[in-house]
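Trainee: I have a structure open in front of me and would like to learn how to read it feature by feature. Could you take me through it slowly?

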Amino acid sequence: MISRRALEIAAAVLTGIFGVVVVVSSFDNGIGWSSAGVDAGTFPFLTGIIIVLGSLYNLGQGALGRGTLAIVRVAVTPSELRRLAGLFVPAAIFVAVIPMIGMYLASAAYVFAVLALPKRQSVLRALVIAAATPLALYVVFERMFQVSLPHGALAAAFGF
């Protein structure tokens with residue numbers, strides 16, 4: 001079981017790391033003023049500082065156990081954790097396979113996995129939705145916006 005305190009501390013640490021990454025990466029773009037005005041990294045730097053400060057505040061609140069829900073001892077039960085993993089694990093696999101098989105095949109597989117495998121939809125309906133998803137992505141991004149989504153190593157091997 002995961003306590004609410006542990007969950008709040010973990011969330012504060014993760015958002016704090018994200019804020020530090022934003023701050024550090026903004027130095028590459030430059031912060032401050034130049035002859036053209038505000039440098040490109042100034043606003044990301046300020047945003048990162050705000051994220052870090054908010055994370056430190058949340059870390060303090062979580063560590064001290066203050067707030068209206070501080071008396072909640074368990075934030076996630078084992079059954080809720082399984083349901084959460086049922087969404088997170090396929091999403092993590094989806095992101096991991098995009099460089100290999102591309103956005104289109106990965107999105108079709110992801111949609112099928114989250115619809116058919118937990119028995120939320122029939123297999124036929126899940127297949128139809130899984131086939132329509134990459135088609136919609138292709139029409140919207142490649143044709144309408146003319147932005148190429150990652151095709152992956154598999155498409156490169158076949159010459160696409």
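Trainee: Let me begin with helix 1: what covers its buried residues?

Mentor: Please keep in mind throughout that this is a predicted model. A residue counts as buried when its relative accessible area is under 20%, and in helix 1 this holds for Ala-12, Gly-16, Gly-19, Val-22, Val-23 and Ser-26. The cover over these buried residues includes helix 2, which runs over 42-64.

Trainee: How many residues does helix 1 have, and what span should they give?

Mentor: The general idea is to count 1.5 Å for each residue and to compare the result with the distance between the end C-alpha atoms. Helix 1 has 26 residues, from 4 to 29, and should therefore span 38 Å; its end C-alpha atoms are indeed 38 Å apart, which agrees. Just after helix 1 comes Gly-30, which takes a positive phi of about 90°.

Trainee: What does the same reading give for helix 4, in terms of expected and actual reach?

Mentor: Helix 4, made of the 22 residues 123-144, reaches 30 Å from its first C-alpha to its last, and this is close to the 32 Å expected at 1.5 Å a residue. Its buried residues are Ala-126, Ala-130, Pro-134 and Glu-142, and these pack against helix 3, which covers 78-116.

Trainee: Which residue just after helix 4 takes a positive phi?

Mentor: That residue is Gln-146, with a phi of about 55°, and here the positive value occurs in a residue other than glycine. Gln-146 lies in the loop between helix 4 and helix 5, and because its relative accessible area is 67%, Gln-146 is classed as exposed.

Trainee: Where is Ser-107 placed, and is it buried or exposed?

Mentor: Ser-107 sits in helix 3, and with a relative accessible area of 5% it is buried. Leaving out residues up to four places away in sequence, Ser-107 touches Phe-94, Thr-133, Pro-134 and Leu-137. Pro-134 is itself one of the buried residues of helix 4.

Trainee: How many aromatic pairs does the structure hold, and how should I describe the way two rings are set?

Mentor: The structure holds four aromatic pairs. For each pair one reads the distance between ring centres and the angle between ring planes, where under 30 degrees counts as stacked, over 60 as edge-to-face and the rest as tilted. The rings of Phe-94 and Tyr-110 have centres 5.2 Å apart and planes at 35°, so this pair is tilted. The rings of Phe-141 and Phe-145, by contrast, have centres 6.0 Å apart and planes at 65°, so that pair is edge-to-face.

Trainee: Are the residues of these pairs buried, partly exposed or exposed?

Mentor: Tyr-110 is partly exposed, with a relative accessible area of 25%, and Phe-141 is likewise partly exposed, at 29%. Phe-145 is exposed, with a relative accessible area of 53%.

Trainee: Which residues is Leu-154 in contact with?

Mentor: Leu-154 lies in helix 5, residues 152-157, and is partly exposed at a relative accessible area of 34%. Setting aside neighbours within four places in sequence, Leu-154 is in contact with Met-100, Ile-101 and Leu-105. Leu-154 and Asp-28, on the other hand, are 126 residues apart in sequence and 33 Å apart in space, C-alpha to C-alpha.

Trainee: Which residues does the UniProt annotation "transmembrane region" cover?

Mentor: The unreviewed UniProt entry gives that annotation to residues 7-25, 45-64, 84-117 and 123-141, and such annotations may be inferred rather than shown by experiment. In the model, residues 84-117 are 97% helix and 0% strand, with end C-alpha atoms 15 Å apart. Residues 123-141 are 100% helix and 0% strand, and their end C-alpha atoms lie 27 Å apart.

Trainee: How, finally, should I read the chain as a whole?

Mentor: Start with the elements: the chain has five helices and four strands, which follow the pattern β-α-β-β-α-β-α-α-α along the sequence. The domain assignment gives domain 1 (2-76) and domain 2 (82-157), with centres separated by 31 Å over C-alpha atoms. The radius of gyration of the chain is 22 Å, whereas a compact globule of 160 residues would have one near 15 Å. Of those 160 residues, 22% count as buried.

Terms used: Residues are numbered from 1 along each chain as its sequence is written. This is a predicted model: local features need pLDDT of at least 70, side-chain atom pairs count only at pLDDT 80 or more; totals for chains, interfaces and linings use all residues. Side-chain values use heavy atoms; hydrogens and water are left out. Helices (H or I, at least four residues) and strands (E, at least two) are DSSP runs, numbered from the N terminus. The expected span of a helix is 1.5 Å times one less than its number of residues. Buried means under 20% relative accessible area, exposed over 50%, partly exposed in between (1.4 Å probe, protein chains only). Contact means heavy atoms within 4.5 Å. Domain bounds come from an automatic or database domain assignment. Rings of Phe, Tyr and Trp (its six-membered ring) pair if their centres lie within 6.5 Å; planes under 30 degrees apart count as stacked, over 60 as edge-to-face and the rest as tilted. The radius of gyration is taken over C-alpha atoms; the globule rule is 2.2 Å times the number of residues to the power 0.38.
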